[in-house]
Amino acid sequence: MAVTLEEAPRLGWILVKALLRFTFMVANNLVAIPSYICYLILLQPLRVLDSKRFWCIEGIMYKWLLGMVASWGWHAGYTVVEWGEDVKSISKDEAVMLVNHQSTGDVCTLMMCLQDKGLVVAQMMWLMDHIFKYTNFGIVSLIHGDFFIRQGKSHRDQQLVLLKKHLENNYRSRDRKWIVLFPEGGFLRKRRETSQAFAKKNNLPFLTHVTLPRVGATQIILSALVARQENGSPAGGDAKELESKSKGLQWIIDTTIAYPKGELLDIQTWILGYRKPTVTHVHYRIFPIKDVPLETDDLTNWLYQRFIEKEDLLAHFYETGAFPPPKGHKEAVSREMTLSNAWIFFIQSFAFLSGYMWYSIIQYFYHCLF
């Protein structure tokens, strides 16, 4: 479509702004990620002497890195409104987030909306597609202890074994609290047709806004992390008892991400900021682990039910622009999530100053040696 003279200045400014944002993002990565690595190399003696303190410091720096990614969207006007239960109240407990997956922007959205939930981001473990291992952020995720999972039937059994070992070796030893999991196993647009065919074959509901989840990774996580009582039943808390002292995984957070009019945000938009400001909506429901069945068939049915309910939530959202109210309430209450500009300025400044410091140190030793 031809560009008119009236539109040319606006499109030109969008292009210039996108190039400036991309340049800043590259510079941000070039200083922040190497600085993160250098600090952790310097702190290796602490890892030997006091592992818990080491991973605490690493988690804080990890949160700052994710905060930088969140700030790119925040400054472009891509904000988040939250609905449903307040997950901040369980931020100190162990929990699994089950999230619907529509685009690469889902990860950025979670990076943003979880920034104000205490140390959740610092103590979080992500389960993500193995392709992310080869991105600029892959080295950070590897150090932090995130798990990269390969999709496909040929890899499925092996990946579940590797996930179990990964949780045993990295979850509690690094003081992790939350796990982010996308049970659908891929983007909606890629899996919808296959999921609908499976649903038709097995007399399951026909879903359009989500796909039927896969149970394997969820079952491995629950079997590895849920503390058992003497009678074998899961030890979990009650949603009203926020000071729960039970150990192990205590909550399942059913998380639903919705984009207005179904217009998805992707990582390219998040970085370049060429779309108009938009609000992404995130809905939470909290389930005590004691209410979640652990046997394969029962857990599968439980997960299916959650995603069938997600379908209804999203259908209502796309029709009305809001999520439905919880039972017993006349209307749903939303909360705007905000980032502190002063805090963003601090972590960006720290990253660039650290980058300059480490560059000077490396340059000094290089000249001394050569």
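**Exercise 1. Which residues of helix 8 (residues 216–225) are buried?**

Before we start: this is a predicted model, where local features need pLDDT of at least 70 and side-chain atom pairs count only at pLDDT 80 or more, while totals for chains, interfaces and linings use all residues. Residues are numbered from 1 along each chain as its sequence is written, and side-chain values use heavy atoms, with hydrogens and water left out.

*Step 1.* Get the terms straight. Buried means under 20% relative accessible area, exposed over 50%, and partly exposed in between (1.4 Å probe, protein chains only). Helices (H or I, at least four residues) and strands (E, at least two) are DSSP runs, numbered from the N terminus.

*Step 2.* Go along the helix: Ala217, Thr218, Ile220, Ile221, Leu222 and Leu225 are buried.

*Step 3.* Look for the cover. It includes strand 2 (94–99), strand 3 (124–129), strand 5 (178–181) and strand 6 (249–258), along with helix 6 (153–170) and helix 10 (296–320).

**Exercise 2. Work out the surroundings of Ile257.**

*Step 1.* Place Ile257: it sits in strand 6.

*Step 2.* Check its exposure. Ile257 counts as buried because its relative accessibility is 0%.

*Step 3.* List the contacts (heavy atoms within 4.5 Å). Leaving out residues up to four places away in sequence, Ile257 touches Val99, Asn100, Gln102, Asp106, Leu110, Thr280, His281, Val282 and Leu314.

*Step 4.* Pick up two of those partners, Asp106 and Leu110, in helix 4 (residues 105–113), where both are buried. Nine of the nine residues there are buried, so helix 4 is largely enclosed by the rest of the structure.

**Exercise 3. Find the nonpolar cores.**

*Step 1.* Define one: a set of buried Ala, Val, Leu, Ile, Met, Phe, Trp, Tyr and Cys residues joined through side-chain atoms within 4.5 Å.

*Step 2.* Take the largest core, with 61 residues; Met97, Leu110, Leu114, Trp126 and Trp178 touch the most other members. Helix 3 (residues 51–75) gives this core its largest share, eleven residues.

*Step 3.* Now the second one: a separate core of 28 residues that includes Leu163, Leu249, Val292 and Leu294.

**Exercise 4. Explain why Cys108 has no disulfide partner.**

*Step 1.* Set the cut-off: a disulfide is a pair of cysteine sulfur atoms within 2.5 Å.

*Step 2.* Check the distance. The closest cysteine sulfur, in Cys113, is 11 Å from the sulfur of Cys108, so that's too far for a bond.

*Step 3.* Note the setting: Cys108 is buried, at 3% relative accessible area.

*Step 4.* Widen the search to the whole structure, and zero disulfides turn up.
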